Amino acid sequence: MGRKAGVMRVNPKTLTRKTLPCFQEMLIYLSCVQKFNYDDDKCATEKRALNMCMELQSKQPKQGSTINYHLQRISKMMKATK
């Protein structure tokens, strides 16, 4: 990504604030596993919560960015006024 010849482009990944879905659930699960000396059976509720969160995240549609569309539209308007 970046700048192409004659076309304005912006990498929308640099503009958005990154959120970490399921981060809290993962930390809780990992701390539980470490607490019980890596015995996975004792952390069943935390593991279930993490799996539920990950399933919910996979079902949600990704949001697309429209910034490049608007930049191209504005660029065309600016070229037309010259």
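Modeller: Helices (H or I, at least four residues) and strands (E, at least two) are DSSP runs, numbered from the N terminus. The model is predicted: local features need pLDDT of at least 70, side-chain atom pairs count only at pLDDT 80 or more, and totals for chains, interfaces and linings use all residues. Residues are numbered from 1 along each chain as its sequence is written, and side-chain values use heavy atoms, with hydrogens and water left out.

Colleague: How many helices and strands are there in the chain?

Modeller: Along the sequence, the pattern reads α-α-α. The chain therefore holds no strand in addition to its helices. The count is three helices and zero strands.

Colleague: What percentage of the 82 residues is buried?

Modeller: The chain exposes about 7,500 Å² (Shrake-Rupley method, 1.4 Å probe), and carbon and sulfur atoms supply 57% of that area. A residue is buried under 20% relative accessible area, exposed over 50% and partly exposed in between, with protein chains only as cover. Of the 82 residues, the buried share is 13%.

Colleague: Are helix 1 and helix 2 roughly parallel or roughly antiparallel to each other?

Modeller: Helix 1 (residues 23-35) packs with helix 2 (residues 44-59) at an angle of about 155°, and their axes are 9 Å apart. Axes are lines fitted to C-alpha atoms over the stretch in contact, and angles run from 0 to 180 degrees between N-to-C directions. Under 35 degrees counts as roughly parallel, over 145 as roughly antiparallel, 65 to 115 as roughly perpendicular and the rest as oblique. The two helices are therefore roughly antiparallel.

Colleague: By class, how many nonpolar, polar and charged residues has the contact of helix 1 with helix 2?

Modeller: Contact means heavy atoms within 4.5 Å. Helix 1 supplies E25, M26, I28, Y29 and C32, while helix 2 supplies E46, K47, A49, L50 and C53. Ala, Val, Leu, Ile, Met, Phe, Trp, Tyr, Cys and Pro count as nonpolar, Asp, Glu, Lys and Arg as charged, and the others, Gly among them, as polar. The result is seven nonpolar, no polar and three charged residues.

Colleague: Which residues does C32 touch, not counting those up to four places away in sequence?

Modeller: C32 lies in helix 1 and counts as buried because its relative accessibility is 6%. C32 and K42 are 10 residues apart in sequence, with their C-alpha atoms 8.2 Å apart in space. The residues touched by C32 are K42, C43 and E46.

Colleague: What is phi of C22?

Modeller: C22 lies in the segment before helix 1 and is buried, because its relative accessible area is 12%. C22 is not a glycine, yet its phi is positive, near 70°.

Colleague: Does N37 count as buried or exposed?

Modeller: N37 sits in the loop between helix 1 and helix 2. Although N37 is not a glycine, its phi is positive, at about 55°. Because its relative accessibility is 64%, N37 counts as exposed.

How values were computed
Buried < 20%, exposed > 50% of the residue type's maximum accessible area, 1.4 Å probe, protein only.
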